[in-house]
Each structure stands twice: as C-alpha cells, then as structure tokens.
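Student: Could we go through this structure together, with each term set against its definition?
Tutor: Yes, let us look at it first.

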Amino acid sequence: MSKQTNSLKAVRGTRDLLPPDTALWNHVEAIARSVFARYGFGEIRTPIFEDTQLFARGVGEETDIVSKEMYTWEDRARAQSEKAQSLTLRPENTAGVVRAYIEHKLGDSGQLQKLYYIGPQFRRERPQRGRYRQFWQIGVEVLGPVSSGAESPLRDAEVLEMLATLLDELGVKGWQLQLNSVGSTEDRRRYNAALREALAPIKHQMCEDNQRRAETNPLRVLDSKEPADQELINGLPKIADYLDEDSRAHFAAVRAALDACGVPYTVNPRLVRGLDYYTRTTFEFTVPDGSGLGTQNALLGGGRYDGLSEMLGGPKAPGIGFAIGEDRLILTLQAQAEAAGGAASEKKLDVYIAPMGVERNPAALALARELRRAELSVEVGDGSFRLKKSFEAADKVARRIVILGEDELHSSILTVKTFATGEQTKIAQAELAKALRA
Ligand code: HAM
C-alpha cells in the first residue's frame with residue numbers, strides 16, 4: 001500500500017449538513033411538527049431499508065424510481081435459519097407506511113390514521129442543485145378503512161389546506177398549488193389506452209425518451225420537459241375526459257372545499273406524477289423561478305392512493321399524502337431570504353466565560369454549569385488565551401463576555417461586557433443568571 005492516502009469524501013450526490021445551516025433545518029422541522037400536531041398527526045418512523053418487493057409492487061416496476069434509481073443489494077444469509085433477501089434503501093416512504101399500517105393492523109381500530117415522517121430517502125438520480133442521491137422528505141399519510149372517512153374529498157382538501165398553512169408559516173413566498181385528478185384505476189386504464197392510441201401515429205416525431213415512454217408507460221410522456229415535444233403533448237387526450245362520474249364528483253368536492261378555505265390552485269391536466277399508486281387527486285407545490293431550485297421547481301408532491309394497501313396484500317385502506325423535499329425547501333428559504341436582503345442573522349450565545357489563566361479553567365466550567373442549568377447558552381474559553389484573544393473569540397460567538405480572574409473569584413463580583421453597546425458592568429455572581437437573562 002502506498003504511504004500517501006487520499007482523503008475520503010462524501011459520496012457523489014450525498015452531502016454533509018453543517019451548522020449554521022442545520023439550525024434552519026431544525027427550525028423547519030420544528031414548525032412542521034407543530035403544524036402537524038395541530039391537525040392531529042402522530043409521528044411514524046419506518047426502517048430505512050425494506051424488502052425490494054415492497055417498492056416493486058407499491059411504487060411500480062415501470063417507474064423510473066424502481067427501474068433505474070434504487071439502491072438494491074442481495075443481503076446474504078448469516079445463519080441457516082436466514083434466507084438471502086433482496087433489500088433496498090427506501091426511495092420514498094409511502095410504501096413503507098402502508099406496509100406498517102397493514103403489518104400492525106392499524107385499520108382494526110376503525111380510526112383514521114394521520115401519520116407524519118421526517119427522514120432520508122435514496123434515489124440514484126443524476127445529482128444537480130436540488131436533486132441528491134440522499135435527500136430528506138417531510139411527509140404525511142392519512143389512511144384508514146372506508147368507514148373512517150378515509151376516502152372523503154374533505155381529507156384531500158384538509159391535507160392541501162394544511163400544506164398551505166405550513167408553507168405560509170415557514171415564510172415560503174409565491175408557492176403555487178398544481179392540482180389534478182388521475183381518476184380511478186379503471187379510468188387510468190382507459191386513459192392509458194387512449195394515450196397509447198393517440199401516441200402511435202406521432203411518437204416517431206418525439207425525442208427518444210418519449211418514444212420509449214410511449215411504449216412502456218404512456219402517462220410519463222405528460223411529464224416530459226423536452227421543449228420540442230410540448231406542442232404534440234398538449235394536443236394529447238386529457239385525463240379529465242376519462243374520469244367516471246364518482247371521480248369527477250370527488251374532484252369537484254375537493255375543489256369546492258379548497259375554494260371555501262381560500263386556498264388558491266391551478267388545475268394542471270398534465271400532472272400525473274411519477275409513481276404508479278396514485279388514484280384521483282394528485283398535486284404538486286411549485287415555487288417561482290429564481291427561488292434557488294433551478295429546474296427542480298417541485299417543492300413537494302403527493303396524492304391519493306386508494307388501491308395501494310390491496311396492492312401490498314392488505315385490506316382496503318384508501319389514503320392520501322404528500323412528501324416535501326426538505327433539501328429543496330431549505331434552498332428556497334435561503335434563496336428567498338437572500339433576495340429579501342440578507343440571510344437570517346445567526347443567533348449568538350448568551351455569554352462567553354473567559355478564565356484568566358489555566359488555573360481558572362475549573363472555576364470557569366463550574367460557572368458555565370451553573371448558568372447552563374439556569375437555561376442560558378454559554379461558551380467557555382480557555383485560560384491559556386490572552387485577554388485580547390478572549391475578547392475576539394467571544395465577540396464571534398456570544399453577545400456578552402464574563403471575565404473570570406483571581407479578583408473576581410475572590411470577591412464573587414464579575415465583570416460583564418455587552419458587545420452591542422460596549423457597556424461594562426460589575427455583577428455579583430449570585431445575580432449573574434438573572435442579569436444575563438434580562
Ligand atoms: P415524489 O414526487 O417522488 O413523491 O417526491 C416528493 C418530493 O421529494 C419531490 O417533490 C421533491 O421535492 C423531493 N425529491 C424527490 N427526489 C428528490 C431528489 N433526488 N433530491 C431532492 N429532493 C427530491 C413521493 O416520494 C411520494 N411518496 C409522496 C407521497 C406521499 N404521495 C403520497 N404520499
């Protein structure tokens with residue numbers, strides 16, 4: 001082995017999230033948890049890897065995700081009692097949640113299940129801004145037996161209204177809700193046939209990708225961003241004309257409830273989404289160009305999946321949900337804050353304790369312990385620092401500095417300087433926590 005070792009880097013398409021950025025991630029997650037709690041959601045945490053079959057059956061063999069983007073490996077048996085098994089890092093969390101719903105018989109309670117999750121997902125996509133191979137989703141699933149009202153258009157509208165509230169509370173500007181209905185499984189079958197028929201005489205005029213999609217999964221042609229094909233695609237049959245009466249009424253009821261809440265939306269007949277489990281309502285929230293996402297302008301996506309539980313061998317359990325791309329949400333918030341005149345200011349600690357001389361280090365740590373237990377945020381310097389270095393270090397991270405020298409230790413009267421005002425005061429140690437909190 002050569003002596004020189006190359007330094008290892010994070011794998012392509014993955015990244016480290018570091019402070020201070022992680023403060024924004026935590027802030028976003030805290031707001032999401034608080035909004036979800038107000039709407040009666042509880043958290044679910046499912047495993048990060050699952051049986052490969054779950055995604056093949058749930059998300060669909062023909063989808064891009066399953067056919068080319070999954071991290072799949074053969075997990076060897078480690079004992080005679082074990083079998084080798086094909087496992088996959090989850091590319092999304094809806095299939096896992098529905099698997100858990102079936103496995104734990106959550107439907108037996110007869111109650112509507114309102115679940116949310118926050119966690120990493122994995123897809124082997126071509127990395128670019130807003131598109132990673134490990135990315136984070138904040139998602140929600142509402143499902144249950146038909147008797148729990150899980151099929152009601154009210155649930156769709158409530159989930160969409162909750163998203164509007166969440167994005168507003170986070171301060172996302174200019175979001176747009178794109179809404180569509182892809183009908184029942186039967187409607188989709190008829191529409192697929194119509195699309196295939198309409199594509200047959202024209203597909204040779206389209207790009208290679210669309211020619212392939214026209215064969216394997218004609219609905220995917222509607223997703224195409226290929227500029228040269230747009231005119232042809234716009235001339236294809238519209239799914240709205242293939243919805244049966246129930247799906248039509250369901251979609252009208254979703255829209256009426258959104259209108260009643262004043263949640264704006266645009267009906268986009270081309271929004272069919274890239275996963276096979278969707279039925280009826282589908283949606284995406286996008287942000288305007290210049291919001292930091294480049295071409296990846298879908299902040300989140302979701303929809304109804306009334307047949308997914310049965311596809312996975314479970315009972316009838318209609319449901320609806322969404323997943324926000326958290327990486328994209330953060331990029332958007334950062335870009336919009338910058339455009340509005342600077343990133344959100346970094347929060348500084350309450351105080352920096354500067355021991356004068358290493359022999360004062362233990363006393364400094366004891367004082368820090370006292371203040372931290374009084375709910376103050378504290379950084380402790382090191383006694384080997386000269387006074388000037390302590391002041392410079394303190395000014396970078398904290399709003400105030402407390403000097404801890406021999407005199408101070410004897411008298412228990414401490415010198416506190418506030419950087420913003422330049423004010424310097426003497427405070428008795430017993431009063432310090434109270435004074436610093438002011
Ligand atoms: P999806 O549209 O595949 O849906 O993903 C949802 C969101 O995750 C996207 O809108 C995007 O913001 C983000 N996302 C997807 N891929 C990447 C990536 N490679 N890098 C960064 N962000 C990405 C689902 O996953 C469904 N499970 C949503 C759902 C829940 N439907 C019903 N319930």
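Tutor: Strand 15 (residues 413-418) and strand 16 pair in the antiparallel sense over 5 bridges. This is a predicted model, in which local features need pLDDT of at least 70, side-chain atom pairs count only at pLDDT 80 or more, and totals for chains, interfaces and linings use all residues. Residues are numbered from 1 along each chain as its sequence is written, and side-chain values use heavy atoms, with hydrogens and water left out.

Student: What makes strand 15 and strand 16 a pair?
Tutor: Two strands pair if DSSP finds at least two bridges between them, strands themselves being DSSP runs of E with at least two residues, numbered from the N terminus. Strand 15 and strand 16 have 5 bridges, so they meet that definition. In strand 16, K426 is the bridge partner of T415.

Student: Why is one side of strand 13 and of strand 16 left without a neighbour in the sheet?
Tutor: The open sheet has 5 strands in the order 13-12-14-15-16, with mixed pairing. Strand 13 (378-380) and strand 16 (424-428) stand at its edges and each has a single partner strand, so one side of each has no neighbour there.

Student: How do you know that Q137 makes a polar contact with the ligand?
Tutor: A polar contact is a pair of N or O atoms within 3.5 Å; within protein, one must be able to donate a hydrogen and the other to accept it, and residues adjacent in sequence count only if both atoms are side-chain atoms. An N or O atom in the side chain of Q137 is 3.1 Å from an oxygen atom of the ligand, and for the side chain of R273 the value is 2.9 Å.

Methods. Helices (H or I, at least four residues) and strands (E, at least two) are DSSP runs, numbered from the N terminus.
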